[in-house]
Amino acid sequence: MANLVINPILDISEILIPIDTEELFGNKNKYALEVGFGDGDFLIETAQLRPDTNFIGVEIKKKRFNKAVKKARRGKVPNIKFLHMDANIASTEVFKPDTFNEIYINFPDPWPKDKHEKNRILNTEFLMKLSVILIQKGHLEIASDHKSYIQETLDTFKQLPLFINSYAGPGYRNELQERIETKFEKEFREEGRKIYYLMFTNGK
Ligand SMILES: C[S@@+](CC[C@H](N)C(=O)[O-])C[C@H]1O[C@@H](n2cnc3c(N)ncnc32)[C@H](O)[C@@H]1O
């Protein structure tokens with residue numbers, strides 16, 4: 001049997017953008033996106049469990065991107081592509097509107113110093129971009145250990161009627177069943193830190 005060669009790199013210098021996702025994987029399966037995938041474990045393991053969905057990850061740091069690409073190559077995961085890019089740019093330039101059924105943002109950098117808060121990715125402008133590339137009724141899931149960032153994000157969503165919070169009460173959950181843990185998630189849980197999960201439905 002021929003050795004299956006799978007290239008997990010999404011190289012936008014070789015294809016037309018915004019991309020034709022059907023051509024990219026050669027099927028009509030649904031799409032999921034992870035923003036800031038780090039070492040890629042969450043995306044790789046989720047893609048292995050769900051071969052009927054195509055997964056795309058966007059990561060700005062080259063070292064982490066390379067590490068994830070290596071792992072995906074070793075695992076021969078056919079339904080995954082990694083893009084080395086700023087997700088702020090990818091969301092408007094690379095993906096067409098209504099591409100994704102699900103979007104994940106796991107442990108976005110919290111930028112804990114007051115003077116750096118402006119760098120947080122979960123701002124109104126970025127969430128509006130995500131609403132465009134997410135299908136109507138698609139899900140946006142966020143995880144973080146940073147309570148004040150979560151609170152700020154909940155306030156940002158309140159200003160955005162585009163998204164409907166799926167969780168009642170405080171608007172977040174601290175446990176989720178059947179979730180693949182990310183590298184940061186594992187570390188924070190081992191340290192005994194509380195994790196906050198958000199889920200929003202795109203009501204555009
Ligand atoms: C705290 S790490 C979490 C990594 C991984 N999601 C996890 O939970 O293990 C945040 C990641 O987001 C990436 N990142 C930050 N800003 C980004 C952007 N604008 N576009 C793409 N990735 C970004 C960082 O390089 C980093 O890998």
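Ala, Val, Leu, Ile, Met, Phe, Trp, Tyr, Cys and Pro count as nonpolar, Asp, Glu, Lys and Arg as charged, and the others, Gly among them, as polar. The model is predicted: local features need pLDDT of at least 70, side-chain atom pairs count only at pLDDT 80 or more, and totals for chains, interfaces and linings use all residues. Residues are numbered from 1 along each chain as its sequence is written.

**View 1. The shell around the ligand.** By class, 9 residues are nonpolar, 5 polar and 7 charged. In total, 21 residues surround the ligand (C-beta atom, placed from the backbone, within 6 Å). Gly 36, Gly 38, Ala 87, Phe 107 and Thr 182 are the closest. Helix 7 (183–190), strand 2 and helix 4 (87–93) each supply at least two shell residues. Helix 7 gives the largest share, 3 residues. Helices (H or I, at least four residues) and strands (E, at least two) are DSSP runs, numbered from the N terminus.

**View 2. The open sheet.** Its 7 strands follow the order 3-2-1-4-5-7-6, with mixed pairing (at least two DSSP bridges between two strands). Strand 3 (80–84) and strand 6 (163–165) are the edges, each pairing on one side only. The twist averages 20 degrees from one strand to the next (axes are lines fitted to C-alpha atoms, for helices over the stretch in contact; angles run from 0 to 180 degrees between N-to-C directions).

**View 3. The strand 6 edge.** Strand 6 and strand 7 (residues 196–202) pair in the antiparallel sense over 3 bridges. Phe 163 has Asn 202 of strand 7 as its bridge partner.

**View 4. Helix 2 on the sheet.** Helix 2 (residues 41–49) lies across strand 1 (30–35), strand 2 (53–59), strand 3 and strand 4 (100–106). Helix 2 runs at about 175 degrees to strand 2.

Definitions and conventions. Contact = placed C-beta atoms within 7 Å.
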